[in-house]
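Dear colleague,

I am handing over the structure we spoke about, and below it I have written out what was found in it. Please keep it open beside this message while you read.

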Amino acid sequence: MSMLYRVEVFFLTFIALADMGAPGVCADTVGNPKPAPVAAQKSTVEVVMVTARRLKLIGTASTASEGIVEDRELQLTPAYRPGQLLETVPGLVVTSHSGEGKANQYLMRGYNLDHGTDLATFVDGMPINQPTHAHGQGYTDLSFMIPELADGISYTKGPYYADVGDFGAVGSVRVRYRDTIADQAIASVGTYGFERLFAAGSEALGGGQLLEAAEIQHYDGPFTNPDNARKVNAILRYSDGDTNNGFSLTGMIYHQLWTNTTDIPLRAIAEGFVSDRFGTLDPSDGGNALRASLSAEYHASLGEGEFSASAFTILNQLHLFNDFTHYLIDPVHGDQEDQFENRQVVGGAASYIFPVSFGSMDNEISTGVQIRYDTLRVGRLPSERGQPLAPPETIADPAAFSDDDRVDLFAGAAWLQATTHWTSTFRSTLGVRDDYQTGSDVDLLAKLHEADGYTNGGTKSQSLVQPKGSLIFAPVDDLELYLSAGEGFHSADLRGVNQATSVSLGIPNTPLLAKQYGEEAGARAAVGQNLTFTLAFYNLWQQSETIINPDIGQDVAGPPSQRYGFELNTTWQIREWLELYGSFSGDHTRFTRPFDDGTGHLGTFITDAPAATGSLALYLQNLGPWSGGLEYRYLGNYPLSSGPCVNSSAVRDFPGAATSCANAPTAAGQVNGKGFGQLNLDAHYAMPTGWTASFGLYNVLDTHAAAAEFWYVDRLKSEISAYPDGRADTHEHPLEPLMFRVSIAKQFE
């Protein structure tokens, strides 16, 4: 029986069960997924549309690639980790290559965004991406996000929006938190040691609303060495008014400890060093994270316009113990490293939107400023079994295996955008943005690094003006055509910018602000009141592709790249209580010049860049006591090597063993990875007494696949003498097998 046939059977069964006994009108249920919170209970009977705002963007959107995800769709999405809520953004896949605790891996529009590079992410107005990070540039850890508090998502794609800056040229995501929530308590248990308690409530206080929420969670995962992830999370929020006239003040704190099973070489399984794909070569890998924040938002009508302002301060602390290459660097103690950072961030933003008329033409002018200042201690140092190593144990390690830096980063931006309605069927959105960033690095290991001919230390500054624009034509009421172009950027890790030549890749250093250019043509159409389509064709060029370097366990700046592709999305409100949503993105990705990936392979393929992503989902809301979501998420295949083995690259990458590809410890041809398809289900039954029972079934088809795959050089302990330069191999982290979770929730009057 084919997978496609099984998927069809599941969808048809879901619809058939939903039709049985459907009432004529649907009362607003007290139960939602996970089970979901309800901001305010209603006593009247009403018909509820699941995600109406996805259907109502004609006349307001400036491209086919922006959109809104409603609260109910977020709460109905069958997600088994918080970051997967972002998969409601079309074409975005959120996966993992190291278990819980560590930031997720994001893939969209032919980009392996790793842990968040080129995906600007905001939660409750706060930027989550972390520049010059210990593990990955733009690191985006959403483990602190509480799904029940998410009130909606807005997203953009491409460098066409003046209010979107660093890390946002491929896409941006903004998660809103709710101001009120029904008093409730939830207890959840599941396979692989999953346990969770959640409690929340809100009350009137001093003319506003005080919201309180907390969760504790434990999860082992399916691994031979359990993740033993222990998380505590709490939020306190005071708000008054609404998004037009009001304010909010929010405090959050999050802490998690874990061990993790990272990706392992396939030969370790084949040769019996680990029992199966859920095993590990270093059970002491793991980490701990702490995040605390205080943020404020303010909205007010000012003259004929709307004024908004926000401010935030964030503390992030992190230790990651990773062993990617095993005994490649240090044949005695192994290659585990402690990636660490202690970061403090302050910043804010302000914007003003107001109407202006020039003759008979209506205009909307938007202007704003954004600032951010990061101060951090960041680095990576050798460790063994989670304990630090120091000379003489590290005397033979290369200088680049150790970093310890004190970094200060400032980012400021101003932007202006004008939307002009030239006629009743034609409007334009034209904008300009100016970003300025400066950073200084004190290399605390300068003596070690200078002896090897480089340093991380120094100061760099750069400004970048970025024009952006869209033309929108509406030949009929239910159809809009878009043509967009613009320039954006992502910032680079300051430590690499200060190096004259990349220590990791041996190529010239990247600028602090690496440019990105994009063009897009698209359409948005509505068929009646309940069906919409969007179609976009895009092209993106990038001055420096951020790539993963497993030798140091970090992202590094790579050569230029180019992508083109298409994205198709549809939303169909089948009935008041049932919605079908689907998205598919097909992508072509290449470096603009040949790249040696360090395994003897040379070519223009961008490693781990998927050829396609997509999803297909059914959302059921308030069918009597029933609600639920059924989703099939899809990640297409991707190249693992940049090309086939080339003799000159083999000699360069394996100088102690190879004279050509024939005797190099690597594959001869192009190496590719295989994507996956996964079916997930959430079902919820609300009882009239305020109790709700929920059941989640994830990886329903028990798909055996890799959640993430990589191709790089490492060395096992048994290979130390035979392979002086290591061996290239495919490394996999498995997709979780079939698992279930059950929840019992009580909402209080």
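Leaving aside its neighbours within four places in sequence, Lys 746 is in contact with Asp 183, Gln 184, Ala 185, Thr 689, Gly 690 and Trp 691. Please bear in mind that this is a predicted model. Lys 746 belongs to strand β40, which covers residues 739–747, and its side chain reaches the backbone oxygen of Thr 689 at 2.6 Å. Is this lysine, Lys 746, buried or exposed? Because buried means under 20% relative accessible area, Lys 746 counts as buried with its 18%. Lys 746 and Ile 186 are 560 residues apart along the chain, yet their C-alpha atoms are separated by 6.6 Å.

Ile 186 leads to the next part, for it stands opposite Phe 198 in β10. Strands of a sheet pair through backbone hydrogen bonds, either parallel or antiparallel. Here strand β9 (residues 184–190) and strand β10 (residues 194–205) pair in the antiparallel sense over seven bridges, and they form a hairpin with three residues between them, where Tyr 192 in the turn has a positive phi of about 60 degrees. On from there, β10 is joined by 11 bridges to strand β11 (residues 208–219), and these two strands also run antiparallel. In that pairing Glu 203 has Leu 210 of β11 as its bridge partner, while the hairpin of β10 and β11 has two residues between the strands, with Gly 206 in the turn showing a positive phi of about 55 degrees.

A further sheet can be traced elsewhere in the chain. This one is an open sheet of three strands in the order β14-β39-β38, with antiparallel pairing. Its edge strands are β14 (264–265) and β38 (706–714), each of which pairs on one side only. Two bridges join β14 to strand β39, which covers residues 727–734, and Pro 265 stands opposite His 731 in β39.

Next comes Ser 694, which lies in strand β37 (residues 691–698). Ser 694 is buried, with a relative accessible area of 9%, and a polar contact of 2.8 Å joins its side chain to that of His 684.

How many disulfides does the structure hold? There is one, and it joins Cys 645 to Cys 661, with 2.1 Å from S to S. The pair links distant parts of the chain, 16 residues apart: Cys 645 is in the loop between β34 (638–639) and α6 (647–653), and Cys 661 is in the loop between α6 and β35 (672–673). The link of Cys 645 and Cys 661 is left-handed, with -100 degrees about the S-S bond. Both cysteines are buried, Cys 645 with a relative accessible area of 13% and Cys 661 with 17%.

Finally, there are the aromatic rings. A search of the whole structure finds 12 aromatic pairs. A pair of aromatic rings is described by the distance of the centres and the angle of the planes. Charged groups also lie over rings in two places that you may like to look up: Arg 174 lies over the face of Phe 122, at 4.0 Å from the ring centre, and the charged end of Arg 741 sits over the ring of Phe 194, 3.7 Å from its centre.

With kind regards

Terms used. Residues are numbered from 1 along each chain as its sequence is written. This is a predicted model: local features need pLDDT of at least 70, side-chain atom pairs count only at pLDDT 80 or more; totals for chains, interfaces and linings use all residues. Side-chain values use heavy atoms; hydrogens and water are left out. Rings of Phe, Tyr and Trp (its six-membered ring) pair if their centres lie within 6.5 Å; planes under 30 degrees apart count as stacked, over 60 as edge-to-face and the rest as tilted. A charge sits over a ring if NZ of Lys or CZ of Arg is within 6 Å of the ring centre and within 35 degrees of the ring normal. Two strands pair if DSSP finds at least two bridges between them. Helices (H or I, at least four residues) and strands (E, at least two) are DSSP runs, numbered from the N terminus. Buried means under 20% relative accessible area, exposed over 50%, partly exposed in between (1.4 Å probe, protein chains only). Contact means heavy atoms within 4.5 Å. A polar contact is a pair of N or O atoms within 3.5 Å; within protein, one must be able to donate a hydrogen and the other to accept it, and residues adjacent in sequence count only if both atoms are side-chain atoms. A disulfide is a pair of cysteine sulfur atoms within 2.5 Å.
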